[in-house]
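Subject: Structure handover

Hello,

Here is the structure for you to look through. Please open it first, then read my notes below.

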Number of protein chains: 2
Amino acid sequence: MSAVSKTVRKSPPRTRGVRWNDAVQSREERNEAKRVALIRAAGRAFKAKGFHNTSLDEVAALLNLTKPTLYYYVSSKADLLYQCHDYALDLGEAAFQHGQEGRTGLDKLRRTLAKYMESMTHDFAAYSVLSDLNDMTPAQKRAIQKRRREFDTRFRALVSEGMADGSIREVDPMLTVAWFMGAINAIPRWFSEDGPLNGAQVADAYTDLLTRGLRV
Amino acid sequence: MSAVSKTVRKSPPRTRGVRWNDAVQSREERNEAKRVALIRAAGRAFKAKGFHNTSLDEVAALLNLTKPTLYYYVSSKADLLYQCHDYALDLGEAAFQHGQEGRTGLDKLRRTLAKYMESMTHDFAAYSVLSDLNDMTPAQKRAIQKRRREFDTRFRALVSEGMADGSIREVDPMLTVAWFMGAINAIPRWFSEDGPLNGAQVADAYTDLLTRGLRV
DNA sequence: CCTACCGATCGGTAGG
DNA sequence: CCTACCGATCGGTAGG
């Protein structure tokens with residue numbers, strides 16, 4: 001087993017350590033892969049130490065690069081944070097797509113949130129829900145808030161849909177969404193991949209609590 | 001009415017604006033009142049702009065003071081943050097005291113959380129639940145985490161008590177506490193005293209959602 | 001409680 | 001993609 005793997009993966013000799021954390025796979029998508037690797041590294045570092053306690057020199061060092069190189073992929077440190085947020089919101093969007101396959105309002109809600117929790121417990125993007133929006137420029141902050149409000153509206157619509165089709169009891173959609181999104185967005189504050197529970201278990205338990213609170 | 005009040009409150013002429021936001025009332029407790037006024041002003045500013053985006057010059061200016069003066073009441077900026085956290089945890093402690101008057105586990109939990117939400121929606125202390133603990137020294141961070149863990153343990157005990165006395169259905173105390181504390185601690189992220197709902201309304205709605213999820 | 005002032009950090013750029 | 005470097009901010013202190 002070890003002999004085989006030694007033969008099979010002929011990793012090239014590295015004199016200065018892996019750069020870009022091996023995120024570069026093909027040839028044409030190099031830049032995009034690098035950009036994403038940068039956002040991921042930054043997101044993790046920001047989450048671990050805080051935005052202001054993480055210097056761009058440190059982020060660059062995580063990728064075996066120097067700071068000026070980062071400026072080819074982002075225009076400023078705030079832009080780097082903005083891209084973290086944008087990426088996280090893309091994951092939320094994907095969760096909504098996934099949820100559309102549900103039948104009732106409650107079912108769609110469950111599917112959406114399960115997918116969302118899965119992303120949040122696996123990906124670095126979890127940082128964005130902890131971040132201070134004031135660390136971005138006013139325009140960036142507005143853009144993120146706008147996307148967030150859109151998500152909020154869609155969640156409330158799902159709750160209303162569930163009330164209409166009889167799968168969800170009569171509740172205040174605004175407060176209900178605030179309630180469960182608060183609970184869910186707090187997961188990254190305490191969840192660890194090395195902990196006793198994996199992401200799927202947490203997602204199951206939370207989905208159950210949600211369902212018990214909302215069903216008729 | 002205006003004529004009366006003009007006569008009654010003979011506010012002294014002020015040449016340089018109110019200092020310490022008029023928090024100084026008696027004579028002997030001056031220092032403590034000033035210290036609390038400082039923590040309050042700092043907590044509000046940190047919440048509004050973020051810890052690192054708020055300079056001590058700005059905090060001092062909020063109290064019509066200069067920065068060096070603050071160092072009579074706190075030993076560093078991190079210490080100021082620490083005291084914000086400590087104050088917030090004192091409010092949590094008070095909430096637990098209040099909750100002890102309940103009969104069943106569920107009742108105690110409801111009373112505790114209602115009181116806690118009332119504090120969080122009224123007082124500046126809400127900032128601490130949003131703050132990045134890494135902005136304190138390692139020792140300070142540990143101290144706050146320790147107190148927080150103690151609260152967590154007590155909350156889980158209340159849930160267990162409720163399960164034992166039959167007021168709460170069978171749940172996982174750890175995940176259940178994480179769930180509702182996540183929801184509750186997120187309130188300061190969206191709540192505004194000028195919004196359509198006051199703190200008591202939010203507390204009622206959340207207590208209701210909690211109860212529906214936990215009762216047998 | 002204030003007037004200066006220092007020193008370190010760090011985001012960002014020049015220029016190649 | 002790197003070496004060097006600038007400039008501003010800001011926590012903290014001296015000294016009164």
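A residue is near a molecule or strand if one of its heavy atoms lies within 4 Å of it. This is a predicted model, where local features need pLDDT of at least 70, side-chain atom pairs count only at pLDDT 80 or more, and totals for chains, interfaces and linings use all residues. Residues are numbered from 1 along each chain as its sequence is written, chains are lettered from A and ligands numbered from 1 in the order in which they are written, and side-chain values use heavy atoms, without hydrogens or water.

**DNA strand C**

There are 16 residues around DNA strand C. Those that come nearest are K67(A), Y71(A), K77(A), T66(B) and T69(B). On the strand's side, 55% of its atoms within 4 Å of the protein belong to sugar or phosphate. The rest belong to bases.

Now the polar contacts (pairs of N or O atoms within 3.5 Å). In T69(B), a side-chain N or O atom is 2.8 Å from a phosphate oxygen of DNA strand C. For L56(A), a backbone N or O atom lies 2.9 Å from a phosphate oxygen of that strand. Y73(B) has a polar side-chain atom 3.4 Å from a phosphate oxygen of DNA strand C.

**Cysteines**

How many disulfides (pairs of cysteine sulfur atoms within 2.5 Å) are there over all chains? The count comes to 0. C84(A) counts as buried (under 20% relative accessible area, 1.4 Å probe, protein chains only) because its relative accessibility is 2%. C84(B) also counts as buried, at 2%.

Best wishes

Conventions: Polar contact = N/O pair within 3.5 Å; in protein donor to acceptor, adjacent residues only side chain to side chain. Disulfide = S-S within 2.5 Å. Buried < 20%, exposed > 50% of the residue type's maximum accessible area, 1.4 Å probe, protein only.
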